Structure formats: structure tokens, C-alpha cells
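Visitor: I would like to go through this model one helix at a time. Where should we begin?

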Amino acid sequence: MSYGLLKGKRGIIFGALDENSIAWKTAERVHDEGARFVLTNAPIAMRMGTINQLAEKTGSTIIPADATSLEDLERLVTESVKVLEGKIDFVLHSIGMSVNVRKGRSYTDQKYDWTAKGWDVSAGSFHKVMQVLYKQDAMSEWGSIVALSYMAAQRVFPDYNDMADNKAFLESIARSFGYFFGRDKKVRVNTISQSPTPTTAGKGVKGFDGFISYAEKMSPLGNASALDCANYTVTLFSDLTRKVTLQNLFHDGGFSNMGVSDAVMQVFDNE
Ligand SMILES: NC(=O)c1ccc[n+]([C@@H]2O[C@H](COP(=O)([O-])OP(=O)(O)OC[C@H]3O[C@@H](n4cnc5c(N)ncnc54)[C@H](O)[C@@H]3O)[C@@H](O)[C@H]2O)c1
């Protein structure tokens, strides 16, 4: 269903790797709602993924950029404004990666150059994206910038490893940069704290299958899917949420405010 909520808006979407990606679903929904956008991802991910199909389907231009490289980001933003023929109304930062998680190093046995790389990709890149947009004055007034987070920024999820710290940093950057973007450019900045979702990044976390079932049982509305997340993001890019900023918005079927549910208790009642 389309409501025309983003008619005429221009955006940049980071992180569509394959059709399971939250950014992929968001690109499809944002397109349905009438927006035009540039798709971007790390050059190496382009070779692995199928982003061309998404670009064709949504009539979008692809501009590769490593989100940790200021040079790439500067070129991306300059070219996007040219291609879209105007300033940017919305940006989705949908990027995450931990080398420690990938290589199975536990939280208590991190290799710190891997930690630094994961931090740069998952959190530092959000600051870099915003700094480039800010310095180039590339955002329209009442524009909206969203990054994706996870509740391990606030609560302990042992297998989420150093990504928990990266998400805490990401959420803090949203608040800190959001202040300056709001004050100087009337642009809002928020993070969405999303349910566990079966994507390449999600499934890379140890014990993901058990954990997603647990979260499903704990949440009164069940887990939020990638499509649900895309729909929520559309509202944050729309003009209906102009005064929402500096927030970390839980989008998790109620999980974050639960203590225990009947469904989870049943497992232990039978023990
Ligand atoms: N899947 C989940 O369970 C879940 C839950 C909450 C939040 N999130 C967050 O959602 C976001 C999107 O992840 P996803 O689950 O759709 O997985 P995904 O694997 O489909 O997307 C991650 C993206 O990050 C991109 N990326 C990695 N390094 C990059 C770099 N240097 N420059 C540019 N892009 C780079 C990858 O190419 C990929 O497209 C991430 O921030 C993730 O942490 C995911």
C-alpha cells in the first residue's frame, strides 16, 4: 500500500546488500512512496551483492562508497546532489560490521585493531556521513537522517560482542550531531533500535536462531520484520515526524519493555 508520503523527496540509502537487507526493503518502500534516491554500498559489497537489480527496479543511480572513507563520502554527496538535482531530504545509514564477531573472537579476547575497524564501520562512519553532509550544506531544511541500532546498546546480550559498544557509540553520535544539525539546518537525526532480523549481518551473530525465537516469544506483538522497519523508516522520512529528533526509537514489538512473557514462562513451567 502506498500513501504518497515521500512524493518529490530525494535521498541516499546506504547498506542494501541483498533482498534480505533492511536497507533493501526500505529502498523498495521509499520508492513506492514516491521518493527518488541514490543507492550506495562499499565497493567490495557491490561485487558480492545484487544491488543492480534494486537500482533497476527503483530507477536509482548507484554510487559506490566505503563509508569509512571521507574522500568517498565527499564524492558520494556531491554526485548525489547533482544526480538528484537538488539537496537531500533523507539519509538511511544501514551499516554494521564487527571483525571480532566475524572471526569468532569473544568479548573478553578482542583483537583491538579489529575492534577499531568495527567501530569505524559501524559508528564512526555515521559521524563521517553527517559531517560531510553538514559541511557541504547538502541537506534540505526539515530533512531526516536515520541510522539503525540494536538494544544491546542498553542491555547485555553477550554474543553481540563489541557491536554492543559500537551501537552505544552510534546512538550517542545521533544525539550529539543531531543537536548541531537541528540548530543550524533544521534537520532531524534519530536511530531506530530494531528487532533481531534475519539478514547477512544479523545471522552473523552467534546463536542468532535461538535468540530470534526467544525475542519473538518475549514480544507481545512479535518481532518487527525488515519490512516493518522499512515502513517505520518511511514515517521518519515523511513530513509527519518533523519534530522528532535526538531519539533512539525502539521498533521491536514491545521487547524492550518486557520482563517476561507467558510464552517464555511456559518453557520453564514445564521443567
Ligand atoms: N539484522 C539484525 O538483527 C539487526 C537488528 C538491529 C539492527 N541492525 C542493524 O541494521 C543495519 C543493517 O543491517 P542488516 O541487518 O540489514 O544487514 P546487511 O548485512 O544486509 O547490511 C549491512 C550492510 O553494511 C554494509 N557495509 C559494511 N561495511 C561497509 C562500509 N565500509 N561502507 C559501506 N557499507 C558497508 C554491507 O555491505 C551491508 O550492505 C546495521 O546497522 C545493523 O547493525 C540489524
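Guide: This is a predicted model. A good place to begin is helix 4, whose buried residues are Leu73, Leu76, Val77, Ser80, Val81 and Leu84.

Visitor: Why are the buried residues on the same side of helix 4?
Guide: An α-helix has 3.6 residues a turn, so residues three or four places apart point the same way. The buried residues of helix 4 include Leu73, Val77 and Val81. On the other side of helix 4, Glu71 and Lys82 are exposed. The buried set lies on the same side because the arc it covers around the axis is only 120 degrees.

Visitor: What span should helix 4 have at 1.5 Å a residue?
Guide: Helix 4 has 15 residues, 70–84. The expected span is 1.5 Å times one less than the number of residues. The end C-alpha atoms are 21 Å apart, which agrees with the expected 21 Å.

Visitor: Which elements do the buried residues of helix 4 pack against?
Guide: Helix 4 is followed by Glu85, which has a positive phi near 60 degrees. The packing partners of the buried residues are strand 1 (10–14), strand 2 (36–40), strand 4 (88–93) and helix 6.

Visitor: Which helix gives the most to the largest nonpolar core?
Guide: In soluble globular proteins, nonpolar side chains tend to be buried together. Here the largest nonpolar core has 60 residues, and Ile13, Ala16, Ala27 and Leu133 have the most contacts inside it. With eight residues, the element that gives the most to this core is helix 6, residues 112–135.

Visitor: Is Thr191 buried or exposed?
Guide: Thr191 lies in strand 6, residues 188–194. Leaving aside neighbours within four places in sequence, its contacts include Ala147, Leu148, Ser149 and Asn248. A residue counts as buried if 20 or more other C-beta atoms lie within 10 Å of its own. Thr191 has 27 of them within 10 Å, and is therefore buried.

Visitor: Which helix gives the most to the shell around the ligand?
Guide: There are 27 residues around the ligand, of which Ser21, Ala45, Gly96, Ala201 and Gly202 come nearest. Helix 1 (22–32), strand 5 (139–149) and helix 8 (200–203) each supply at least two residues of the shell. With three residues, the element that gives the most is helix 8.

Visitor: How many charged residues does the shell around the ligand have?
Guide: By class, the shell has 14 nonpolar and twelve polar residues. The number of charged residues is one.

Key. Residues numbered from 1 in each chain as written. Predicted model: local features only at pLDDT ≥ 70, side-chain atom pairs only at ≥ 80, totals over all residues. Near = placed C-beta within 6 Å. Helix = DSSP H or I, 4+ residues; strand = E, 2+ residues; numbered from the N terminus. Nonpolar A, V, L, I, M, F, W, Y, C, P; charged D, E, K, R; others polar. Core = buried A, V, L, I, M, F, W, Y, C linked by C-beta atoms within 7 Å. Buried ≥ 20, exposed ≤ 12 C-beta atoms within 10 Å, placed from the backbone. Contact = placed C-beta atoms within 7 Å. Arc of directions from axis to C-beta.
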